[in-house]
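Trainee: Please take one part of this model and examine it closely. I would like a single connected account that begins with one helix and follows its surroundings outward.

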Amino acid sequence: MFNLIRRDVILQKKQLLLFIPFVIFFIIMEANPALIFLVASLIIPFNTYAYDEKAETNILLNSLPYTRTEIIASRYLGAIIYMVSAIGVTSLTLFVFNKPFTLTHIAIGCSLFLLFASFTFPLFYIFKPGYIFPAVMIGFLLSAAIGPAIMLFLADQLTVIKDFIINLSVPALYTGATIVVIIVYVSSWWVTNSIYQRKAF
């Protein structure tokens, strides 16, 4: 399974040369550090899906001595490994450019990435190739553009939930958010695996 994760990096070695310039662009544009961490984390996993969708790699993968469970596990574990690596490189780049950031920015970026991955990874095995990747990218851009406004609107409407969250201590809030993100990610993993087991290539 490690070789499947390693394969993604080898296939994208040319795209990885654009990783740091991409991050620097967002730094120069004065983007929020949490957004920079999110975008940096998305690059490798979603480029992998885009490549596999175009090349129909799943047909080849299923002819190799890997189970379908291992193939999906490599996707989800690989996404975490790439996220951690992206966070490290991005943190170093922000430091070099003297752009201040906090652990909160990292936590928000990681949480948003895991949630976005949880909702989009299953879609790559539900929809036909050629349609899902553009839809996911458009969805991401729309989420980044109107997501904060929607969250503010919901916060105003759902005052009971907002008051409950405000009254939580910071450790309790972080712990609760972490548990929710983990549950969503593991649930997505299970759903994707179930879909992939039944899919014909």
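Mentor: Let us begin with α6: its 29 residues should span 42 Å at 1.5 Å a residue, and its end C-alpha atoms are indeed 42 Å apart, in agreement with that expectation. The expected span is 1.5 Å times one less than the number of residues. Helices (H or I, at least four residues) and strands (E, at least two) are DSSP runs numbered from the N terminus. The model is a predicted one, in which local features need pLDDT of at least 70 and side-chain atom pairs pLDDT 80 or more, whereas totals for chains, interfaces and linings use all residues. Residues are numbered from 1 along each chain as its sequence is written, and side-chain values use heavy atoms, without hydrogens or water.

As background to α6, the protein chain has 10 helices and zero strands. Of its 201 residues, 37% are buried, the term for under 20% relative accessible area (exposed is over 50%, partly exposed in between; 1.4 Å probe, protein chains only). Among contacts in the protein chain with a separation of 6 or more, 84% join residues 24 or more positions apart; a contact means heavy atoms within 4.5 Å.

The first partner to consider is α7. The axes of α6 and α7 come within 11 Å and cross at roughly 150°; axes are lines fitted to C-alpha atoms, for helices over the stretch in contact, with angles from 0 to 180 degrees between N-to-C directions. That angle makes α6 roughly antiparallel to α7. The classes are roughly parallel under 35 degrees, roughly antiparallel over 145, roughly perpendicular from 65 to 115, and oblique for the rest. On the α6 side, A79, I80, M83, I87 and S91 make the contact, and on the α7 side I106, C110, F113 and L114 do so. The crossing of α6 and α7 is right-handed, that is, the near helix is turned clockwise from the far one by less than a right angle (anticlockwise would be left-handed).

α7 itself has 18 residues and reaches 26 Å from its first C-alpha to its last, close to the expected 26 Å. Its buried residues are H105, I106, G109, C110, F113, L114, F116, A117, S118 and T120. F113 meets A79 and M83, and beyond these its contacts, leaving aside neighbours within four places in sequence, are L38, S41, L42, P45 and F46.

F113 also has a place in the largest nonpolar core, a set of buried Ala, Val, Leu, Ile, Met, Phe, Trp, Tyr and Cys residues joined through side-chain atoms within 4.5 Å. Of the 36 residues in this core, I36, F46, F113, F121 and Y185 touch the most other members. At least two residues each come from α3 (19-28), α4 (33-55), α6, α7 and α10. The largest share, nine residues, is supplied by α4.

Between α6 and α7 the chain passes through a loop. Just after α6, N98 takes a positive phi of about 55°. F101 is found in the loop between α6 (68-96) and α7 (103-120). F101 counts as partly exposed because its relative accessibility is 28%. Its contacts, apart from neighbours within four places in sequence, are P33, F37, S91, L94, F95 and I106. The C-alpha atoms of F101 and P33 are 6.1 Å apart, although 68 residues separate the two along the chain.

A further partner of α6 is α3. Here the angle is about 50° and the axes are 10 Å apart, and the two helices are therefore oblique to each other. F19, I20, V23, I24 and I27 of α3 meet A86, V89, T90, T93 and L94 of α6. The crossing of α3 and α6 is likewise right-handed.

Finally, α10 (residues 170-198) contains N193. With a relative accessible area of 17%, N193 is buried, and R68, T69 and I72 are what N193 touches when residues up to four places away in sequence are not counted. S188 also lies in α10. S188 is buried because its relative accessible area is 5%. Not counting residues up to four places away in sequence, S188 touches Y76, A117, S118 and P122.
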